Amino acid sequence: MRRTTAIAGLAAVALAAAACSSSSSSGTTSTSSGGTVDFYSSLPMQGASSAQTVPLVNGIKLALAEAHNKAGQFTVKYTVLDDSTAAAGKWDPGQTAANARQVASDSKAVYYMGEFNSGASEVSIPILNQAGIPQVSPANTYVGLTTSLPGSAPGEPQKYYPTGTRTYLRIVPIDSIQAAAGLMAMKQAGCTKVAVANDKEAYGSGLATLLELEKGFYGVTITSNTGIDPTTPNFRSYASTIAGQGADCFYFAGIVSNGAVQITKDVHSAIPKAKVFGGDGVCTDSYTSATKGGVPAALYPLIQCTVATQDLAAYPGGKAFLAAYKAKYGVSNPDPYAIYGFEVMKLGLDTVKNLAAQGNSKSAVLHALFATTARPSVLGTYGFDKNGDTTLKSYGLYKVGSNGEPVFFKTLTPTQTVK
Amino acid sequence: VPVHPLRAVRRYVGRWGLIAALAALPIYYGVHDLVYGYQAGYVAGHAVYRHDLSQLGYNFAQGLSNGAIWALIAIGYTLVYGIIELINFAHGDVFMIGSFTSASLWGVLGLGLTTSVLGLTGGLLLTLVIVMVVTGSLNVLIERVAYRPLRNAPKLAPLITAVGFSFILQNVGLIWRGGSPQSVPDLIHVQQTVFTIAGVPIQRGYILAFAVMVPLVFALTWFINRTRAGRAMRATAQDPEAARLMGINVNATISLTFLLGGMLAGAAGLVYALYETNIWFFQGFKAGLIAFTAAVMGGIGNVRGAVLGGLIIGVIQALADSRMGPQWTEAVVFGYLIAIMVLRPRGLLGEETREAG
């Protein structure tokens, strides 16, 4: 009897825990008689990337709130999923797969916003592809997810689409453009010899490879491209090696959680005048700001990084977005990814709305997304090509302000990229 | 009794092969630097090559200072294994707690980049003392809660509780400072060159690592060899039953061992935070693995062996990092461990455990 009671007690505790966990991950909204469609985002909400993903989710919620949780005749139920774990401090393959499986099993799911990291999308795309769920990433840039361009791995991108039908799109320009923008920035900054380090993830190693492939277009010499072990306590030997190679600039291709701050500090100590460059994986205050665990303030004048976002105020509707963001969250200068969050949700809402009664059909939403050609948006007018890549071709170059925050410097539109 | 020729050859290879294996990398790169030179920078667009041993010297200086930190941690492993034959998996995490406590104390004491030299010296010495007390006490607590009740249990039982405590401490660190590596202030300008020896820049960090490690190791060696409590530790390590019959309080002696190991881990934690200017809840796992490897390499249970193992691993890491690329470092370190174990299964200076006699 005592045993039975104990088991019943345990079951009750487990049920309560399950109930708590499911409710805590839910974003909220009410349903209406017109029907409900389920939208999901899957992003790393813990660790260093949260400096980018929290504003991104804020942007998503802002767009949803402006639409009063409605997309045409449907009420949108939005759920925030976290593809990171506290222990990893960044995206986790198991958690990403679990998120994708959860959405794949939801019959009302019509729109999946994610992932933030290209490596994570390598995990979720095949799962969602088999379920026919339309997936739009607000941040992925790795070329191999959608193309077989130089810089992708053998078998890409077909291996991510087991059904043979594309289900994945993205609203940020791919890394062949970002790498070219980085090379342009380095050339303009007077770099003669660049040492590149990558974090060995899909995004980092892909971006580093593209830098090497495109260096000739922009007359930049890359002295080395090294895959680092992010768990290494320090990178001083590496830094002394690249100093010996005469590097006057350093490019980190990777995300903040993967040793970006430590390697930058060590390179700065070995080559104090070296200019430091990075992609969107590090263009956030968790890397650029000393007060937020980033690099020391002495490095601020030396850092430049690229993000797809350009001058927020100069975008069509950018000022309205900034005003609305400030009104809702009290922040006047949000992270560059906030506007991508806003747009990725707007895209989903508009697509469902335009489909009228068909808005709750996954296949109809998918077809409509790929059919988008000249969408006027807060990012400017854009569409998608047959691979699901945006037609936007510019990157923003950011410097670091005296407060450690990335500050938009100028727009870079590369003319030459690998084909 | 005539020695079998094959055994003689094996003994010969064991002795000289080990020396050859240890010297292989430094000799190879030394000769390479002298003959082919190494790129030392660029002048007017042209690569400048130097033909000397200063690059190798730099690798050694950097490796030895890194190794000094591993040595401090390795001593904790070796002391505990020597006395109760347990791999204390939580030891690396005690070291991590040492780093976290240090960084928090800097905040409490107001130590920053603008603190005066006097204030910094006093503050860091105070931090060292507090951290050693905290981590030493923590290690004693772990022993009391997770190991002592299992003294007569099968050996697997305390091994599992050690793994359990390792995870508990990792989670404490995770809750304390989050999941990502955190940058901490470079209080002592750790990479600033103090002086140069034969073209090798000696940085503040190198001096710090040795300034903490050498006195502590000497103090520990003196304590173990010269004091009554130290003799009790040695007696307990050799035969706990006989030690008990001789009137030694074995439990108290084992607690003392954990206290000393924990204190050294705390000191290593402070040096690590100052040296790396970067702390992470997971740092103890990797550091623990390296330090345990150092302890095994030097001869488990042997304090001098742990120090030697730590220093050797530090140098191997620096050479591999600098010459082959960081992606090869772990493979090279563990390749060396395998070679040393094959050539000398009891480690470089021999085990000092009950099994070894």
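E343(A) and R375(A) are both buried, where buried means under 20% relative accessible area, exposed over 50%, and partly exposed in between (1.4 Å probe, protein chains only). We'll come back to that pair in a moment.

First, some ground rules. This is a predicted model, so local features need pLDDT of at least 70, side-chain atom pairs count only at pLDDT 80 or more, and totals for chains, interfaces and linings use all residues. Residues are numbered from 1 along each chain as its sequence is written, chains are lettered from A and ligands numbered from 1 in the order in which they are written, and side-chain values use heavy atoms, with hydrogens and water left out.

**Exercise 1. Work out which parts of chain A the salt bridge of E343(A) and R375(A) links.**

Step 1: Check the pairing. A salt bridge is a side-chain nitrogen of Lys or Arg within 4 Å of a carboxyl oxygen of Asp or Glu. For E343(A) and R375(A), the closest N and O atoms are 2.7 Å apart.

Step 2: Place the partners. E343(A) sits in helix 11 (residues 337-354) and R375(A) in strand 15 (residues 375-377), so-called distant parts of the chain, 32 residues apart. Helices (H or I, at least four residues) and strands (E, at least two) are DSSP runs, numbered from the N terminus.

**Exercise 2. Find out how buried or exposed the partners D285(A) and K292(A) are.**

Step 1: Look at the bridge. D285(A) and K292(A) pair up with their closest N and O atoms 3.0 Å apart.

Step 2: Read off each side. D285(A) has a relative accessible area of 11%, so it is buried. K292(A) comes in at 46%, which makes it partly exposed.

Step 3: Try another in chain B. R148(B) bridges to E143(B) at 3.5 Å between the closest N and O atoms. Here R148(B) is partly exposed at 21%, while E143(B) is buried at 0%.

**Exercise 3. Describe where chain B meets chain A.**

Step 1: Count the contacts. With contact meaning heavy atoms within 4.5 Å, 30 residues of chain B touch 31 residues of chain A.

Step 2: Get the area. The two chains bury about 2400 Å² between them, 46% of it on carbon and sulfur atoms. Buried area is the accessible area (1.4 Å probe) that two parts lose on being put together, summed over both. S183(B), Q191(B) and P326(B) supply 21% of what chain B buries against chain A, more than any other three residues.

Step 3: Look for a salt bridge. There is one between the chains: K286(B) with D229(A), the closest N and O atoms being 2.7 Å apart.

Step 4: Name the elements. Strand 1 (38-43), helix 2 (54-84), helix 9 (250-276) and helix 11 (303-324) of chain B each give two or more residues to the side that touches chain A.

**Exercise 4. Track down the disulfides and give their handedness.**

Step 1: Count them. A disulfide is a pair of cysteine sulfur atoms within 2.5 Å, and the structure holds two.

Step 2: Take C191(A) and C249(A). Their S to S distance is 2.0 Å, and with -85° about the S-S bond the link is left-handed.

Step 3: Turn to C283(A) and C305(A). Their sulfur atoms are also 2.0 Å apart, but the torsion is about 60°, so this disulfide is right-handed.

Step 4: Write the pattern. Counting bonded cysteines along chain A gives 1-2, 3-4.
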